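Here is a short report on a two-chain model. Look over the sequence and the structure first, then read on.

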Amino acid sequence: MSINIKNISHIRAYFKNAMLRPDLGAIVGVMLVFLFFFLVAHDTGMFSLEGSMNWGIVSSQFIIIAVGACLLMIAGEFDLSVGSMIGFSGIVIAVTSIVWGWPVWLSILTAFAVAMSIGALIGYITVKTNLPSFIVSLAFLYILRGLTIFIAIASTKKTIIGGINEFSQNDWLAPIFGGKIFSGLFEWLAEQGWIQTFVAGTKAGQPVVSGIPAMMVWALGLIIFGHFLLTKTRFGNWIYASGGDAQAARHIGVPVNKVKILMFVFTAFCATVFATTQVIEFGSASADRGILKEFEAIISVVIGGALLTGGYGSVIGAALGAIIFGVVQQGLFFIGVESSLFRVFLGVLLLLAVILNTHVRKLITGSK
Amino acid sequence: MMSTSPLMELTDIYKSFGNVNALKGVSISINRGECHCLLGDNGAGKSTLIKIMSGVHQPTAGQVNINGKPTVLQGPREAIDSGIATVYQDLALIPLMSVSRNFWLGRELTKKIGPITVMDFEKCNSILMSEMEKIGIQLRDPNQSIGTLSGGERQTVAIARAVFFGAEILILDEPTSALGVYQTSNVLKTVEKVREKGVAVVFISHNVSHALAVGDKFTVLSRGETLGTALAGEINYEELQFMMSGNKELSALKNSK
């Protein structure tokens with residue numbers, strides 16, 4: 001009898017622990033989303049290799065910025081300047097390489113250095129003034145977007161700077177952001193007739209999917225890095241603590257300010273990865289690129305189970321949130337639903353996620 | 001017998017913030033294995049005094065001796081390194097984090113996997129479980145969040161952590177003020193255990209009966225001044241209560257007996 005009761009309480013404890021996983025909601029969400037589209041869109045080509053690449057790339061884009069936003073949110077801060085940072089980094093690469101004639105690798109490294117310094121500045125201002133990062137980064141949303149448009153127009157009289165692929169083709173660093181891996185494997189698969197090839201046009205005979213885009217590799221790499229850093233290292237423990245209760249963490253000797261500033265730098269790094277992959281892929285930079293990306297990143301993170309107030313969340317959850325984002329956005333396109341409805345869906349999903357997260361928070365902290 | 005020189009001695013401490021004189025000549029000495037209760041009403045200067053003892057504030061005037069040496073604590077970290085640990089009433093632990101992550105926060109045990117340094121969760125968790133058992137907390141799982149523990153258990157974990165990391169002087173800021181009767185008795189038992197280990201405990205409270213339950217010495221603060229120090233047995237509940245509210249000299253009280 002007593003064994004039975006003990007077993008039951010163990011099972012209950014197990015379920016309660018599972019309930020407290022930050023990414024549980026996103027895991028269930030991903031399953032539901034795939035189930036839904038598998039049922040309604042299986043005959044649209046959404047789950048063919050080509051179709052999967054489509055939503056896979058879109059999801060990867062969301063993942064790249066969501067990982068940065070996730071760690072920053074767990075550290076207790078926001079960065080609303082991510083979208084503007086994407087536009088800014090892209091223009092820095094384009095202006096330095098096209099207008100100033102720098103080699104592309106140097107332009108890319110410069111963009112990273114400048115963006116990460118600005119990230120550090122946003123973090124520094126936030127921790128020194130003790131202002132909400134919401135406001136500080138909102139200021140930089142405008143400052144960076146304005147500077148981006150100004151620099152583009154002042155140097156080229158245009159807001160779109162093209163022609164970068166001519167220079168990036170023989171560059172050693174550019175393929176890391178814009179190339180494809182396993183191209184040979186995909187060609188071989190096409191030769192075997194296992195994947196489709198184009199039947200007409202300039203690409204006739206080539207496989208419809210010519211390799212795994214670098215963007216996907218970056219997304220995967222960032223997930224692994226972010227998850228490892230957060231859950232396995234002592235620095236990860238400090239990220240949780242800085243967002244959970246900065247004052248308590250300071251009392252125990254955690255360098256809270258340093259942690260927060262570094263997370264702003266990492267967010268800027270992720271934004272620049274996003275910007276660089278786009279510039280190399282499209283061969284152009286546009287001053288209006290990245291608009292609303294900051295919110296898409298934050299929404300992915302929240303769907304992934306992180307608390308807006310910091311101290312709790314999961315990189316895996318944020319990545320799953322980004323996948324939900326990407327699959328639904330592209331899936332609605334496949335089934336021919338008016339794309340404006342996607343935003344309605346997103347708003348509803350965000351609201352549900354926040355309500356669920358708040359409930360989970362109460363369970364964890366034991367507050368009523 | 002134990003050495004008679006106090007672990008920490010504060011002499012004639014003054015502290016002013018602008019025009020406000022929070023402390024006006026406070027003297028107190030803290031001895032090994034002794035629970036020294038600091039009593040006083042709200043605004044009496046208790047929190048200013050513990051912030052000076054824990055290095056958060058520096059005194060405007062007066063002397064702080066640690067192990068007989070004059071010392072100026074420049075910050076909380078320096079105090080911690082000198083063996084002074086402070087457990088604040090509500091700033092002790094982070095409720096969203098697990099017991100294990102909280103316990104080791106700032107002093108995480110690490111190991112190397114190739115060139116990468118990671119937290120050694122196995123070791124952290126096993127030491128934590130045995131420490132928790134020693135102090136009488138039944139943990140289901142080292143990964144359960146602090147939020148699942150009761151207020152008393154949280155205080156106990158925070159105290160255990162401070163002692164485990166080598167605190168010689170443990171400052172407890174109102175450890176029982178937010179707790180029920182049962183949880184209070186558990187925390188008081190923990191204080192008792194810690195004191196038996198030879199740790200000096202500074203117990204800040206405005207609850208006289210909690211102080212009398214564990215205290216060896218009682219110092220009453222009122223309006224930034226010490227009204228005197230009495231040993232356990234020399235003073236009773238009514239007298240302490242009267243001093244905290246009535247602002248009378250301890251000597252006058254004693255003489256009237």
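Two residues are in contact if their C-beta atoms, placed from the backbone, lie within 7 Å. Axes are lines fitted to C-alpha atoms, for helices over the stretch in contact, and angles run from 0 to 180 degrees between N-to-C directions. Helices (H or I, at least four residues) and strands (E, at least two) are DSSP runs, numbered from the N terminus. Two strands pair if DSSP finds at least two bridges between them.

This is a predicted model: local features need pLDDT of at least 70, side-chain atom pairs count only at pLDDT 80 or more, and totals for chains, interfaces and linings use all residues. Residues are numbered from 1 along each chain as its sequence is written, while chains are lettered from A and ligands numbered from 1 in the order in which they are written.

**Confidence**

pLDDT is the predictor's confidence in each residue, from 0 to 100. The model scores ipTM 0.84 and pTM 0.87. The table sets out both chains.

| Chain | Mean pLDDT | Residues at 70 or more | Lowest element (mean pLDDT) | Highest element (mean pLDDT) |
|---|---|---|---|---|
| Chain A | 89 | 94% | helix 1 of chain A, residues 2-19 (64) | helix 5 of chain A, residues 104-129 (97) |
| Chain B | 86 | 93% | helix 9 of chain B, residues 250-255 (52) | helix 3 of chain B, residues 99-104 (94) |

**The six-stranded sheet of chain B**

In chain B, six strands form an open sheet. Their order is 6-9-10-3-11-12, with mixed pairing. Strand 6 (84-87) and strand 12 (225-231) of chain B are the edges; each has a single partner strand, so one side of each lacks a neighbour in the sheet. Neighbouring strands here are turned by 20° against each other on average, direction ignored.

What holds strands together in a sheet? Strands pair through backbone hydrogen bonds, either parallel or antiparallel.

Strand 11 (residues 217-222) and strand 12 of chain B run antiparallel and are joined by five bridges. B:Leu221 stands opposite B:Thr226, and B:Lys217 has B:Leu231 as its bridge partner. The hairpin of these strands has two residues between them, and B:Arg223 takes a positive phi near 50° there.

Two helices lie across this sheet. Helix 5 (residues 151-164) of chain B crosses strand 6 and strand 9 (169-173) of chain B, running at about 170° to strand 6. Helix 6 (residues 181-196) of chain B lies across strand 3 (35-40), strand 9 and strand 10 (200-205) of chain B, at about 155° to strand 10.

**The four-stranded sheet of chain B**

Another open sheet of chain B has four strands in the order 2-1-4-5, with antiparallel pairing. Strand 2 (20-30) and strand 5 (69-70) of chain B stand at its edges with a single partner strand each, so one side of each has no neighbour in the sheet. Eight bridges join strand 1 (residues 8-17) of chain B to strand 2 of chain B. Within this pair, B:Leu10 stands opposite B:Ile28. Helix 1 (residues 46-53) of chain B lies across strand 1 and strand 2, at about 60° to strand 2.

**The nonpolar core**

A residue is buried if 20 or more other C-beta atoms lie within 10 Å of its own, exposed if 12 or fewer, and partly exposed in between. A nonpolar core is a set of buried Ala, Val, Leu, Ile, Met, Phe, Trp, Tyr and Cys residues joined through C-beta atoms within 7 Å.

The largest such core has 180 residues; A:Ala66, B:Leu170 and B:Phe203 are among those with the most contacts inside it. Helix 13 (residues 256-282) of chain A gives the most to this core, with 17 residues. B:Phe203 touches residues including B:Cys37, B:Leu172 and B:Val191.

**Where the chains meet**

The contact takes 21 residues from chain A and 23 residues from chain B. Helix 11 of chain A gives the most to the chain A side, with five residues. B:Thr117, in strand 8 (residues 116-119) of chain B, touches A:Thr233. B:Thr117 is partly exposed, because 15 other C-beta atoms lie within 10 Å.

**Two loop residues of chain A**

Most residues other than glycine have a negative phi. A:Asn130 has a positive phi near 65°. A:Asn130 is in the loop between helix 5 and helix 6 (133-156) of chain A, and counts as exposed because 7 C-beta neighbours lie inside 10 Å. A:Leu292 also has a positive phi, of about 75°.

Notes:
Lists of a residue's contacts leave out its neighbours within four places in sequence.
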